Amino acid sequence: METLPTLREHKKAATRRSLAGAALRLAVERGLDGVTVEDIADAAGVSRRTFSNYFTSKEDAVLDADRERLRALVSLVEARPEAEDAWQALRASTAELYRVRPLPDVEWMAQLRLLRRHPSLLARQAGDQVALERDLTAVLVRREPDEEAARLMAATFLTTIRIGIALWLEGAGEQELPGLVDRLLGRVRVQGT
């Protein structure tokens, strides 16, 4: 049975969102190197210690929204019907993620542009992608018992998503991202589907 979030949990989530939003906004305005943890805490109206309760660094705060999207994607794949093949579960989950988080999202666009410029964020995002590949593989292996095939599928899926986002950014959002990504996913030939 799922329990409803408490008032305390709501406040913690609001503080986390406030810190992450402040971090991203300040990093976009000043550049990541021009922002300190103290600046972020001040902008969110909390102490440095409160910041440290939520994030280990300003980079983690800037990347929080992206990490939340990644967690949501894994949850959506997990929730897909068991009878659905693995690749279709990935495609359907991606479409659902874009449906519940409509694009273009101004903060996400700003974050993506920032990520493309700053080496420390790119390094952390690469680590996040490795973790996401591992998490997706763990979910996919329930549908595709061959772990090697599940891992290859997760990696192919994530590469296709990254290419779609890069093409979308390069085209200044001329195409709708969900449609572009789904078209690219549809072009991938997956064994067994």
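These legends describe close-up views of a predicted model.

**View 1. The whole chain is helical in its elements, with 10 helices and 0 strands.** From the N terminus on, the order of elements reads α-α-α-α-α-α-α-α-α-α. The chain has 193 residues, and 40% of them are buried. Among contacts with a separation of 6 or more, 64% join residues 24 or more positions apart.

**View 2. Helix H2 holds Val37, a buried residue.** H2 spans residues 37-44. The relative accessible area of Val37 is 13%, under the 20% cut-off, so Val37 counts as buried. Neighbours within four places in sequence aside, Val37 contacts Arg48, Phe51 and Lys58. Ala61 lies 24 residues away from Val37 along the chain. The C-alpha atoms of Val37 and Ala61 are 9.3 Å apart.

**View 3. Residues 36-55 carry a UniProt annotation.** The unreviewed entry lists this stretch as "DNA-binding region". In the model, residues 36-55 are 75% helix and 0% strand. The C-alpha atoms at the two ends of the stretch are separated by 13 Å.

**View 4. Helices H5 and H6 meet in an oblique crossing.** H5 covers residues 64-79, and H6 covers residues 86-100. Their axes come within 9 Å and cross at roughly 130°. That angle makes H5 oblique to H6, because it falls neither over 145 degrees nor in the range 65 to 115. The crossing of H5 past H6 is right-handed. On the H5 side, the contact uses Arg69, Ala72, Leu73, Leu76 and Val77. On the H6 side, it uses Ala89, Leu90, Ser93, Thr94, Glu96 and Leu97. By class, the residues of this H5 and H6 contact are 7 nonpolar, 2 polar and 2 charged.

**View 5. Helices H6 and H10 run roughly antiparallel.** H10 spans residues 177-187. The axes of H6 and H10 come within 10 Å and cross at roughly 175°. The angle is over 145 degrees, so H6 and H10 count as roughly antiparallel. H6 contributes Trp87, Arg91, Thr94 and Tyr98 to the contact. H10 contributes Leu177, Pro178, Val181, Asp182, Leu185 and Gly186. The residues of the H6 and H10 contact divide into 6 nonpolar, 2 polar and 2 charged. Thr94 of H6 takes part in the contact with H5 and in the contact with H10.

**View 6. His118 sits in the loop between helices H7 and H8.** H7 covers 106-115, and H8 covers 119-140. His118 has a relative accessibility of 14% and is therefore classed as buried. Apart from neighbours within four places in sequence, His118 is in contact with Leu32 and Asp33.

**View 7. Val190 is buried in the segment after H10.** Its relative accessible area is 16%, under the 20% cut-off, which means that Val190 counts as buried. With neighbours within four places in sequence set aside, Val190 is in contact with Trp87 and Met153. Trp87 of H6 is one of the residues in the H6 and H10 contact. Thr156 is 34 residues from Val190 along the chain. The C-alpha atoms of Val190 and Thr156 are separated by 9.3 Å.

How values were computed. Residues numbered from 1 in each chain as written. Predicted model: local features only at pLDDT ≥ 70, side-chain atom pairs only at ≥ 80, totals over all residues. Heavy atoms only, no water. Axes fitted to C-alpha atoms, helices over the stretch in contact; angles between N-to-C directions. Helix = DSSP H or I, 4+ residues; strand = E, 2+ residues; numbered from the N terminus. Parallel < 35°, antiparallel > 145°, perpendicular 65-115°, else oblique. Left-handed = near helix turned anticlockwise from the far one by under 90°. Contact = heavy atoms within 4.5 Å. Nonpolar A, V, L, I, M, F, W, Y, C, P; charged D, E, K, R; others polar. UniProt positions renumbered as here; feature names shortened; annotations may be inferred. Buried < 20%, exposed > 50% of the residue type's maximum accessible area, 1.4 Å probe, protein only.
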